[in-house]
Each structure stands twice: as C-alpha cells, then as structure tokens.
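Me: I am new to this structure and would like to go through it in questions and answers. Please show the sequence and the structure before we begin.

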Amino acid sequence: MDLRPRKRQIQSITGFTQAEVEKMENLLIESREQVCDSEVCKKLAKTFTRSKGRAGKSIAKWTEVQAWFQNRLACYPSKDNSAEANQKVPDYTEGCTLNKANESSHIPKEMYKYSPGKLFAGQKDPALSDLEFEARSSKDGAWYDIDTFIAHRFLNSEEPEALVRFVGFGLGEDEWVNVRKAVRERSVALENSECNKVQVGDIILCFQEGKDEEKYLEAQVIEIQKKLHDIRGCRCLFVIRYTGDDTEETIRLRRMCVRPSILGRP
C-alpha cells in the first residue's frame, strides 16, 4: 500500500495557491496578449474562488489576478525565447490507440466536445480552460484535480483507463484511473450565500487536512442544521457520512465541495 503523503496546495505570500500560480503561468505562456483583460481576470478569479484549493480561504479578487499578470509581464522573457514556451510534452500515447466504437459509451459526456488527441496527448488546450476534471486515486480513495490527461488504454474487459497527472504532483506520481468510474467534472466550492443549495442526500467532497497531507473524501449529506449567518459567513452545520467507511462527521460549508449541477438550484 502506497502511504506517500499528498502534496499540499501551499498558499503563497501573494495570496494564490501553488496550483493557481501554475495555472496563471501556463496561461501567460499561451495567451500573454489577453491575460490582463478584465473579463479574463474576472473569469479566472471566479474559477479560483470555486476551486477546492480555496476551501477555508479568502476569495480570489480579479484585481489581484490582473496585478499578478501585470507584474509578471514586466519581467517575463520573450515568448519565443522562453524555455517554457519551447518545452515539448513527451508523447505517451504511442501504441495506445483509442477504440472509436467504445469511445462514446465510456468517456464522460463532458469530454465528447473534445478530440481524444487533445485530452490524452498531454496538451494544454485553451478550449479546455472552462472544463476541468477530477479523479479518484486508487492509492487512498481521495479525489484530486486533474492537471493533464497524458495517455489512455483499454483493458481486456474493455474498461477505458486514462493516465493522469494530478494538480501539484510530479512526473513520477502519474496514475492510471478508470475513466468511467473514477473521472468526472470537477467539484466546486460554494459561497456563503449558496448554502441553501445543499440538500440532504447530496454527494459531496469533504476537505481533510492532516499534518502531512490534504485531501478530499467523498461523503453524503445526511442532516442539515440551519443557522443564522454572521460576519464570519455561513454558520450552518452539515452532518455527513463518508462513503468509504460509513463514519460520520459534522462540518461547516467551508470544508465542502459539491457537484457542479448543484449550482443550478434556486
């Protein structure tokens, strides 16, 4: 059993987590001409605020995102000369042909819009910036945000698997996961005013922080205790039962991430 500690998403002195800084660096390389646009910064700040890495932390302000880009552009090398721009991702898909007949029945529906070549060749496609995924690790059963789909394969049972790299993890920590059972659109954090969207029976992710690791475990909401909000935000209590071992815990909203479909509730 692999008991390696999971890497922590450290919040830097700028107020951004390591994963957020990496995302902004990649965006700077890809679209440096547009990164300071207010609409781009507002959209990115909203994405950061709803990410699991922001659980329990302050919201991301678009003006801070814009200021970060402006500071980086002041000292950023020419795109043509930058080492990052010239890096090539190794092609891990050789000998790993996608079975077209099984593609539509196994790949999550959110992936249908994009070609397998873009999803599984380790490429950074701006078109995917609004659609992010998470996967359940076979190491500890926790869910982690996916940084890159590197390769794919079909087992003898015709179960599709993807080789993924989790956000904040290195080259040697890539992991094969079952696409149909362990890959889905990324869960999101709720703002204090959105606590009413959570209902008994919802499947959520709960943030757990230990001495050497941080992770999100799946659980089901079994009871909700409504409380008056105060200056600290939502004070409601949510009783959850972990799907892995059936243990129960009472948590607050800041430790919770929900399925994206919940955002559409009134």
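**Helix 1 and the rest of the chain**

Me: What should helix 1 span at 1.5 Å a residue, and how far apart are its end C-alpha atoms?
Reply: This is a predicted model, in which local features need pLDDT of at least 70 and side-chain atom pairs count only at pLDDT 80 or more, while totals for chains, interfaces and linings use all residues. Residues are numbered from 1 along each chain as its sequence is written, and side-chain values use heavy atoms, with hydrogens and water left out. Helix 1 covers residues 18–30, and because the expected span is 1.5 Å times one less than the number of residues, its 13 residues should span 18 Å. That expectation agrees with the model, where the end C-alpha atoms are 19 Å apart.

Me: Which residues of helix 1 are buried?
Reply: Buried means under 20% relative accessible area, exposed means over 50%, and partly exposed lies in between, with a 1.4 Å probe and protein chains only. An α-helix has 3.6 residues a turn, so residues three or four places apart point the same way. In helix 1 the buried residues are Glu20, Met24, Leu28 and Ile29.

Me: How many helices and strands are there in the chain?
Reply: Both are DSSP runs numbered from the N terminus, a helix being H or I with at least four residues and a strand being E with at least two. Counted in this way, the chain has 7 helices and 11 strands.

Me: What share of the residues in the chain is buried?
Reply: The chain has 266 residues in total. Buried residues make up a share of 44%.

Me: Which residue in strand 8 stands opposite Glu209?
Reply: Two strands pair if DSSP finds at least two bridges between them, and strand 7 (residues 203–209) pairs with strand 8 (residues 214–225) in the antiparallel sense over 7 bridges. The two strands form a hairpin with 4 residues between them. Opposite Glu209 stands Glu214.

Me: What is the bridge partner of Leu205 in strand 11?
Reply: Strand 7 is also joined to strand 11 (residues 256–258), the two running antiparallel with 3 bridges. In strand 11, the partner of Leu205 is Cys257.

Me: How many residues apart are Arg259 and Glu134?
Reply: Arg259 and Glu134 form a salt bridge (a side-chain nitrogen of Lys or Arg within 4 Å of a carboxyl oxygen of Asp or Glu), and their closest N and O atoms are 3.4 Å apart. The pair links distant parts of the chain, since Arg259 lies in the segment after strand 11 and Glu134 in strand 1 (residues 133–136), and the separation is 125 residues.

Me: Why does Arg259 count as buried, and what is the relative accessibility of Glu134?
Reply: Arg259 counts as buried because its relative accessibility is 19%. Glu134 also counts as buried, because its relative accessibility is 0%.

Me: Which parts hold Glu159 and Arg180, and how many residues apart in sequence are they?
Reply: The side chains of Glu159 and Arg180 meet in a salt bridge, at 2.0 Å from N to O. Glu159 lies in the loop between strand 2 (143–154) and strand 3 (160–166), whereas Arg180 lies in helix 7 (residues 179–182), so the pair ties together parts whose separation in sequence is 21 residues.

Me: Is Arg180 buried or partly exposed?
Reply: Its partner Glu159 is buried, with a relative accessible area of 13%. Arg180 has a relative accessible area of 42%, and therefore it is partly exposed.
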